[in-house]
Amino acid sequence: MTTKYIFDISKSEFKDDYSGGEKGELWQDYAKEQLLLNLKSILSDAKEYARFRNSEGDLRDSSDETWLSHNAILVTSQRGSGKTVFLRNSKSMWAESKNETSELFFLKVIDPTMLMANDSFANVIVAQIYDAVSKRLSKLTCCDDKSKRDRDTFHRYLKKLADSMGKTSEFNGSVGIDKILKYSSGIHLEANFHNFVESAIEILGCKAIAVLIDDVDMALDKAFEVVDDVRRFLGCPYIIPVVSGELKLFEHMTQNHFDEKAYDNKCDNHRLREAGQEMSEELTDAYLTKVFPAPMRISLFSVDRLLAQMTIVDQDKKHMSFYEYRESIFNQFYHLRHNAEARRNWPELSSAREFTQLVRTLRPEYLNQHNLTISGEIALYNRLKNWAIQKKSGEVLALAETVITLLQNTHKYFDITELLVFNIKAQIDANLYHWAEFEAIQSQEESLSFKSDSGNNLKTLKSVFKGDDRCLQSMPPLEFIYQGLFIAQYREDKESTIELSVDNLGSISSSWIYKKSLNGNGEMPNNYRIDTILKDIYTESKIYSTLNNERQFIFFSRAFELILLSFFQPKDDIAQVESIYQILSRKPFYSLIKLTETKVAVEGEAESNSNSKGTQADTTSTTSIALFSLIVEWQKEHAYLLHNSSKTQYIAVFSYAFNGVFTALNIIKGNLSSKHDDEYLTDMILRFKYNLLNAIVRAGIYGEAIQANVLVGAKTSTVRTITGTDTPERTYTRNYKKLDEQIKNAKLTNETELEAKLELVKNLHDAVSTHPVFSIFMDADSNVKTMMKVGSGGETEPLPLLLFRDAHDEELYQARVLREYIGSSYRSVAFFLQFLDPRVKNTDTIKRRLEAVFNEHTVPRLVIRRLSRLKLVIKDQEKNIFDNQNFHQIEPEKVRNLLIALSLLDISHD
C-alpha cells in the first residue's frame with residue numbers, strides 16, 4: 001500500500017518531533033525501517049561483545065583485549081532532504097518499535113558545525129557520555145552500594161581515559177587526535193575507551209549508546225576529523241554512530257586529505273603525479289567503504305517521490321494534495337497559463353526543505369483569495385519575490401516586481417517600460433541581480449544572424465549592451481531596423497476614414513489634447529483617417545531626422561503597449577487619453593531605436609526638419625482622440641474582463657505572449673525585408689495579430705499545444721483570407737480547436753471550475769482580436785481594408801538611407817586627407833557609398849551602378865541637392881584634386897574612384 005505523507009503547517013516550525021505524531025508526518029518511512037533494522041543488528045552485536053568481554057572474567061583492568069566494529073550508519077541524501085529531522089526523530093522511531101527500548105541509549109544530537117575552533121570531536125563525544133551518566137547518577141540513591149561502586153568504577157575509567165588522551169587539564173577539548181597520540185599509544189586509548197563506555201552503559205542501564213552526528217558535510221574544516229574519529233575512536237561495538245551528510249561531500253573532503261599525502265602538484269614528474277592521483281582515489285573509496293559499509297548506508301527519498309504522495313494540512317485543518325496546492329499557485333501567479341510549456345520556467349523544488357519553505361512562504365490560505373486589498377496583494381507578491389530571489393528565478397522575480405509596480409503606481413500616465421518583465425535594460429542590474437544568467441547581447445545577436453542587413457543593427461546593439469550583461473529572463477529579439485520595411489509616401493484615400501461618436505469624449509473635453517484636436521470651428525471632427533491612425537501606431541519616422549518625412553519604418557511595440565494600457569485602465573479618462581498620446585509620441589518601447597537615442601548628424605538635416613516640423617505632433621493628437629474613443633467603446637463591451645484585479649491577473653499571460661510574439665515578428669520581418677512584392681502594412685498587422693492570439697490560446701490550453709509560430713512564411717494571399725478562426729493557418733486553427741474541445745468536454749463532465757478557466761481564455765482571445773489596433777482597418781463584416789504598401793512601389797519612393805553610421809562612415813571620418821579636400825561633405829561620400837556592392841572598385845562600374853540606381857528610383861530633391869553640392873566641391877578642387885599626389889593617399893581605392901565617378905555623373909532629372 002502506498003504511503004501518504006502529511007505536512008501540517010499549523011504546527012510551529014521548530015517542532016520537528018514527527019515520529020510520534022499523526023501517521024504520515026515522518027516522510028522517510030522506508031528509511032525508518034532500514035534504520036531500525038540496522039540498530040537492532042548492531043545492538044545484537046553489542047550484546048555479543050559484552051558476553052565476550054564478561055567471559056574473560058573481571059580482568060579488564062589488566063587486559064587490553066578489545067575488538068573494533070565497522071557499524072557506523074550513514075544517513076545520506078542531497079542537501080535539504082530532511083536528514084536533520086530524520087536524525088532528531090531516530091530516538092522516537094526506536095521507542096515506537098517493538099524492540100526493547102531501554103537497551104539502546106541515545107545521546108543528544110551533535111552538530112560539528114557548532115564546535116569551537118580548537119574543540120576535539122573525540123573529546124566532545126566523551127563529554128556527552130559523561131554528561132548523560134552524571135544526570136543518571138544524580139537520580140540514584142547515594143547509600144546504594146551498587147550505585148556507589150558503579151560511580152567509583154566510572155570515575156576511575158574516566159580518569160584513565162583522560163590520562164591516555166593527554167593531560168587532564170587539556171580534557172576541555174583543546175587537544176586534537178594528533179596530540180592525543182603523542183601522549184599514549186592507540187592501543188591503550190582504545191582499551192580505556194572501551195572500559196569507560198562499559199562502565200557508562202552499566203549506569204545508564206542499556207546495552208549500547210547511539211551517537212547522533214548531524215551535518216558533518218557542512219563542517220568542511222572538521223569533516224575528515226569527524227569521519228576519522230568515527231573510524232578509529234567510535235569503532236567500539238558499544239557505540240553506534242549515526243552520521244548524516246551528503247556522500248559526495250564526504251568523498252570530496254576525504255579525497256582532499258589523501259591528495260595532500262599522495263602526491264605533490266609541484267612535482268615535475270607527471271607520471272608520479274598521475275600515480276599519486278590514482279592512489280588517492282583508490283584510498284578514498286577504500287576508506288569510506290570501511291567507515292560506512294554499504295549495508296549501513298541509508299538513502300533518503302528524493303523530494304519528487306515524497307511530493308507525489310504529499311498532503312498539506314492548512315491552518316483550518318483542510319487537506320489538499322501537493323498538486324492541488326501547486327495548481328493554486330499557478331492560478332494565482334500564472335493566471336491563464338495552463339499549458340506545461342507556458343509554465344516551464346516555474347522553479348522546481350529540489351529538496352524537502354525547499355518544499356516546506358515554499359508552503360510556509362505562500363501558505364494555502366493566501367492563494368486564490370477574492371477581493372484582496374491592494375496592500376494584501378502587494379504583501380503576497382512580495383512573498384513571491386522573496387521566493388524567486390531564493391531560487392534565483394529571474395522570470396518569477398520580474399513577474400512579481402511588475403505586479404508590485406502596477407499596484408503601487410501613482411503616476412498619471414501608463415508607461416510599459418516601468419514594468420520590469422517588459423524592460424530588458426532594467427533587468428540588467430549587476431548590483432540587484434548579480435545572479436542573472438541570460439546573456440543579453442548573445443541572444444539578440446543570434447536573432448540577427450540570418451538577416452541580410454544585420455550589420456548596422458549589430459553595431460548599434462553592441463553600443464547598447466556590454467558583453468557581460470545578463471538579464472533576468474530570456475527576452476525576445478528587439479525590433480530592429482530593416483531597410484526594406486517602411487511605408488513610403490502614399491496617395492491619400494479619402495474613403496479610408498472612420499467615423500467616431502463624440503458622445504464618449506465629453507469626459508476629456510478639458511484635456512489639452514482634446515483642445516488641440518478641435519477644428520477651426522471649435523468642434524471635434526467626426527471623421528478620422530484610418531491610414532493616419534495606422535501610421536501613428538505602427539510606424540516611426542524619427543529614427544534620424546534626414547528624410548524622416550519620407551520613410552515610416554514599421555514597428556509593433558506601440559500596438560502591444562496600447563493593448564496592455566486598455567487592460568490596465570488608468571485612473572480616469574483624461575489620464576487614459578494622455579497615456580495614449582504619450583505612447584504614440586515615444587519611440588516604440590521594445591525597439592533598438594528606443595535603446596539608443598543618438599542620431600547621426602547628416603548634412604541638410606535642418607532643411608529636412610523645417611518641412612516636417614509639427615506634422616507628427618498634429619496627427620498624434622488627433623490619433624490619440626480617435627484611439628481613446630475606440631478603446632473606451634471596447635472597454636465597455638468587454639467590461640466583464642476588466643474587473644478590479646485585472647491589473648495583476650493578465651500580466652502573466654501577456655508576458656508569456658510578449659516573448660512568443662516578438663520572436664515570431666523578428667522572423668517575419670527578416671523574411672519580408674528582402675521580399676515584400678505584395679505586402680501591405682495591414683498584412684503585417686494581421687501576422688502580428690494572429691501570433692498574439694495564438695500565444696494566448698497556446699498558453700491557455702491544458703496538455704500539449706502546437707508551439708509553432710503563425711503566418712511566418714505564409715503568402716500574402718493566405719494572410720488576407722484570415723477572418724476570425726476560419727483560416728487556412730493550421731497552427732492557430734488547431735490550437736483554437738483544441739481549446740474549444742476542452743471547453744465542451746468540461747461542460748459534459750460538469751467540471752465547472754475548469755470550464756470557467758477555459759472560457760476566460762476564449763473571452764480574452766475574443767477581446768484582443770477585436771481591439772481597436774486590429775479592428776480599425778476591418779469593415780462591419782470583418783473584411784480587411786488593405787492599405788499602405790510596404791517598401792518600394794508607393795507614389796514617391798525615396799532612395800535607401802544609410803540608417804546607422806556603418807564601417808564606411810567610420811573609415812571616411814578617419815580619412816583626414818579626404819576631409820582636407822572636401823570638408824564635411826565626406827558624409828555625402830558615405831551616403832553614396834552605400835549603393836555600391838562591396839566588391840565594386842572600378843570607376844566605370846561605380847558610375848554605371850549609380851546611374852542605374854537613379855534611373856530605377858524617383859530621386860528626392862534632397863538627394864539631388866546633396867549630389868549637386870558634392871560635385872561643386874569636387875569642381876572647386878578639380879585643378880588639383882585628381883592630379884595632386886595627395887589624392888592617391890585617400891583610402892580605400894574605392895573612395896577615390898567614387899569621387900571621380902560622382903564628378904562625371906549626369907544628374908539632370910525630371
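**View 1. The largest nonpolar core of the predicted model.** In this predicted model, the largest nonpolar core is made up of 154 residues, and the members with the most contacts inside it are Phe355, Phe422, Leu534, Tyr538, Phe560, Phe567 and Phe654. One of these, phenylalanine 355, is in contact with Phe7, Trp27, Val303, Leu307, Met310, Ile312, Phe322 and Leu349, when its neighbours within four places in sequence are left aside. Apart from this core lies another one, of 68 residues, which includes Leu43, Tyr49, Phe193 and Ala210. In soluble globular proteins, nonpolar side chains tend to be buried together.

**View 2. Helix α29 and its two faces.** The 19 residues of α29 should span 27 Å at 1.5 Å a residue, and this agrees with the 27 Å that separates the C-alpha atoms at its ends. Buried in this helix are Thr731, Tyr732, Asn735, Tyr736, Leu739, Gln742, Ile743 and Ala746. Seen down the axis of α29, the buried residues fall within an arc of 125°, so they line one face of the helix. An α-helix has 3.6 residues a turn, so residues three or four places apart point the same way. The exposed residues Arg730, Lys737, Lys744 and Leu748 are carried on the face of α29 turned away from its buried side, while the cover over its buried residues includes α27 (681-700) and α30 (752-769). Just after α29, asparagine 750 takes a positive phi of about 60°.

**View 3. The surroundings of leucine 739.** Leucine 739 has its place in helix α29, which runs over residues 730-748. Because its relative accessibility is 1%, and buried means under 20%, leucine 739 counts as buried. Once its neighbours within four places in sequence are left aside, leucine 739 is in contact with Val697, Ile701, Leu758, Val761 and Lys762. For one of these partners, isoleucine 701, the C-alpha atom is separated from that of leucine 739 by 5.7 Å, although the two residues are 38 residues apart along the chain.

**View 4. Helix α14 and the residue just after it.** Helix α14, formed by residues 374-391, has 18 residues and reaches 26 Å from its first C-alpha to its last, which is close to the 26 Å expected at 1.5 Å a residue. The buried residues of α14 are Glu377, Ile378, Leu380, Tyr381, Leu384, Trp387, Ala388 and Lys391. Just after α14, lysine 392 takes a positive phi of about 55°.

Conventions:
Residues are numbered from 1 along each chain as its sequence is written. This is a predicted model: local features need pLDDT of at least 70, side-chain atom pairs count only at pLDDT 80 or more; totals for chains, interfaces and linings use all residues. Side-chain values use heavy atoms; hydrogens and water are left out. Helices (H or I, at least four residues) and strands (E, at least two) are DSSP runs, numbered from the N terminus. Buried means under 20% relative accessible area, exposed over 50%, partly exposed in between (1.4 Å probe, protein chains only). Contact means heavy atoms within 4.5 Å. A nonpolar core is a set of buried Ala, Val, Leu, Ile, Met, Phe, Trp, Tyr and Cys residues joined through side-chain atoms within 4.5 Å. The expected span of a helix is 1.5 Å times one less than its number of residues. The arc is that of the directions from the helix axis to the C-beta atoms.
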